[in-house]
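Reader: I have a structure to go through before I plan any bench work. Could we take it question by question?

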Amino acid sequence: MADVMNQYEAMFLVGPIGATDTEGGINLCRSMIERHGGQILVIKKWDERKLAYEMAGQKRGTYVISFYRGPGSSVTAIERDVNLSEDVLRVIVLRADHLNEQEMNAVEPQPIVKEVERREPWDERPRGDRPERGDRPERGDRGGDRGDRPERSDRPERAPRRSRAAEEAAPPAAPAEAAADKD
C-alpha cells in the first residue's frame, strides 16, 4: 500500500550558497524534496536574515520556503538529508493541509520589529512622590534597627589582615589543652 500524500510546508535555512546563488539554494531544497517523492507546489526565497546565533560558523542565512505534497516518510528523509548537507543548516517541516495555493503564494516575511524596552507604570513616577512610611527611618538617619553606631574615627584600629598564603605557611598554633598539660 502506498503512503498517503499529505501537504507540507518546509522552511529551509540555507548557508552562504543561498546568499551568493539564490537559484542554487532553491534548487538544492527542491532536489531534497523531489528525491523523496515530494511534488513541489510553491517554492521561493523567503528572506535573508542575521541569525540569532552562529550555526556552522555562519552569522547570516537565507530562508527558502516550500510547500509540497508528499508521503509522510518524506519528512524524516528530508531532515536526514539536511543533517548530512553542509549547505543547508536547518529545516522545519510542518503539515499544511489547511492552506490553499493562493495562501501559499501570498506568504511573505514579516518585518523585524525591535523590541522597545517595556517600562512599568511605577518607573515613570518621580522619585519623591511615595507616601512616607512610619516604620522606616529617614534615609539620612543612620540609626534605625541597628542602633547608633560610632563614627569611624572613634573605632579602634584593626590588625592588618593576613594573606591566605601567610596563613598556610604559618605553623599551626598549639591547642590550649596541650599547652595546659605541659605546665
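Reader: Is Ala-56 buried or exposed?
Author: This is a predicted model, and Ala-56 sits in the loop between strand 2 (39-55) and strand 3 (58-71). Its relative accessible area is 70%. Exposed means over 50%, so Ala-56 counts as exposed.

Reader: What is the phi of Ala-56?
Author: Ala-56 is a residue other than glycine, yet its phi is positive. The value is near 50 degrees.

Reader: Where in the protein chain is confidence lowest, and where is it highest?
Author: The mean pLDDT of the protein chain is 78, with 66% of its residues at 70 or more. Where pLDDT is low, the predicted coordinates should not be read in detail. The lowest confidence, a mean of 56, belongs to helix 6 (residues 176-182). The highest, at 93, belongs to helix 3 (residues 73-84).

Reader: Which residue meets Arg-60 in a salt bridge?
Author: The structure holds four salt bridges. In one of them the side chain of Arg-60 has its partner at 3.7 Å, N to O. Arg-60 lies in strand 3 and the partner in strand 2, so the pair ties together parts that are 12 residues apart in sequence. That partner is Glu-48.

Reader: What are the relative accessibilities of Arg-60 and Glu-48?
Author: Partly exposed covers the range between under 20% and over 50%. Arg-60 counts as partly exposed at 43%. Glu-48 is also partly exposed, and its relative accessible area is 30%.

Reader: Is Arg-49 buried or exposed?
Author: The side chain of Arg-49 meets that of Asp-47 in a salt bridge of 2.6 Å, N to O. The relative accessibility of Arg-49 is 18%. Buried means under 20%, so Arg-49 counts as buried.

Reader: How far apart are the closest N and O atoms of Asp-97 and Arg-95?
Author: Asp-97 counts as partly exposed at 42% relative accessibility, and Arg-95 counts as partly exposed at 48%. The two form a salt bridge. Their closest N and O atoms are 2.4 Å apart.

Reader: Which residue offers the backbone oxygen that the side chain of Gln-7 reaches?
Author: Gln-7 is found in strand 1 (residues 5-14) and is buried, with a relative accessible area of 6%. Leaving out residues up to four places away in sequence, Gln-7 touches several residues, among them Leu-41, Tyr-68, Arg-95, Asp-97 and Met-104. The side chain of Gln-7 reaches a backbone oxygen at 2.7 Å, and that oxygen belongs to Ala-96.

Notes
Residues numbered from 1 in each chain as written. Predicted model: local features only at pLDDT ≥ 70, side-chain atom pairs only at ≥ 80, totals over all residues. Heavy atoms only, no water. Helix = DSSP H or I, 4+ residues; strand = E, 2+ residues; numbered from the N terminus. Buried < 20%, exposed > 50% of the residue type's maximum accessible area, 1.4 Å probe, protein only. pLDDT = per-residue confidence, 0-100. Polar contact = N/O pair within 3.5 Å; in protein donor to acceptor, adjacent residues only side chain to side chain. Contact = heavy atoms within 4.5 Å.
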